[in-house]
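Notebook open, coffee ready. Today I'm looking at a pocket, a sheet and a surface patch.

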Amino acid sequence: MNGSHRKHVIELAIAVVVVGTMTVALAWLGWAWYESRLPATYSVMDYAIPDDGGKPLPEPMSGHAMPGMSHDTSIAQLHGPAGTPQRRFTLTAEQGPVKLASGRVVQALSFDGTLPGPELRVHQGDLVEVTLRNRNVAGGVTIHWHGVDVPNAEDGVAGVTQNAVFPGATYVYRFRAEQVGTFWYHTHQSSSAEVRRGLYGALVIEPASAGAPASGRGADMVAAIHTLGTTQLVNATDGVERHAVEAGTPVRLRLINTDSVPHSLDLAGTPFRVLAIDGTDLNGPTELEGKTLVLAAGGRYDLGFTMPARPVKLAVEGAGTGVALSGDGRANPPPPTPGTVFDPASYGRPAPTPFDASSHFDRSFALKLTRKPGFFDGRPGMQWALNGGIFPRVPMFMVEKGDLVHVTIENSTGAVHPMHLHGHHMLVLSRNGKPVSGSPWWSDTLEVEAD
């Protein structure tokens, strides 16, 4: 065999290898694309990867049924209590023009034609009934009670705890308001789009003893931060919302971040205390001044102070929006200067908790957030991944009622990510290996920074 012939044979072999490799790669890409497609309806549990947290599960649970229940029990059957409600509301979801406090008209989705939707105030122990009506939101709606521990069928997650409510239909939610604090409600049908377009509102659960006249309880107000397209809002204002508050009045200012990104806020004109995080009071909060508050996506801070003689201003950094308080309600002082960031991990005084880092945990889980190339429902790109899996092939943490659960969350995505639990609250034990040293820090919406 001459040299020229050997060269052709080698070149042919290389070509066959390259073509074979490309064929295998294309076949794998085709398979990955095909497998990533989602049917019109599906159960997440059929795709998820069960994780028992290191403790074997009873036989019924290994088949993905709820503990103590038959395999055909649906969480959609787990409704709130019967009885005559103490508080009854109707919320109508609609699409159309909404007039802001400034007089500007925007196109939005809304509850009852307002941004935010109506503020719902109830008392601890109230049986609450809310009827959701969908007037014309084509994509369907639900209501999720963010931070409120409710029975599954009342949780408002389309495709999981109920079906979406489409135009002309209604759905009735019933739950007992057991907690006290600042919460909010929003649609959970295509929530990344529909909440952003305006389907949200504030929910405040007051103590059962708070039935005294408002004049005897000071000023209690909500500041809901939201971004509608390119318009920044605080409540219904695309500027500064002003209130008249007499000097010496106790003020509780309830901050709610209804966006999917964190916001930085500054308060000037008075020292203040952070009274609560995510609806849970802090122990021994001390006065702060010149601190920037970084509010997690979906998170809430309650601020408390005594109104001074001078004006007080809350400002959303980089937005030109905020809340101004003064004796006559006319003042609008300049924006505060940003300060050092408030750290809840070292704020307040320690207090006993039902468990701590030294407790024996029944189950321990690790959750690692990353990004990786792949397909989601047939669409290629850099996808979010949980423990290496792209939704819906992600971990499903399996627990039993009464389990004490330890979860370590690691974020390697390069972006801040909020972790929100439905129906549960978490006690933050440590951050980056450093134990929490201040007040017990209970949260339902925890911002996890990128490493």
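I began with the second largest pocket: helix 1 (3-36) and strand 22 (363-376) each give at least two residues to its lining. Helix 1 gives the largest share, 6 residues. I noted that 20 residues line this pocket, with Trp31, Ala32, Ser36, Phe375 and Ile390 nearest its centre. Its volume came out at about 480 Å³.

Before going on, I wrote down that this is a predicted model, where local features need pLDDT of at least 70, side-chain atom pairs count only at pLDDT 80 or more, and totals for chains, interfaces and linings use all residues. Numbering starts from 1 along each chain as its sequence is written, and side-chain values use heavy atoms, leaving out hydrogens and water.

Next I looked up an open sheet of 6 strands (E, at least two residues, as DSSP runs numbered from the N terminus), in the order 11-10-13-18-15-16 with mixed pairing. Strand 11 (231-234) and strand 16 (280-281) are at the edges with a single partner strand each, so one side of each has no neighbour in the sheet. Pairing here takes at least two DSSP bridges between two strands. Strand 10 (residues 219-228) and strand 11 run antiparallel, joined by 4 bridges. I found leucine 228 opposite threonine 231 in strand 11.

Last, I checked valine 407, in strand 25 (residues 405-411). Is valine 407 buried or exposed? Neither: valine 407 is partly exposed, at 38% relative accessible area (buried is under 20%, exposed over 50%, partly exposed in between, with a 1.4 Å probe and protein chains only).

Notes
On a 1 Å grid over the protein atoms alone, a cavity is a set of points where a 1.4 Å probe fits but cannot get out, and a pocket is an open set with protein on both sides within 12 Å along at least five of seven lines; lining residues have an atom within 4 Å of a point. Grid points are joined across faces, edges and corners, and a volume is the space filled by probe spheres set on the points.
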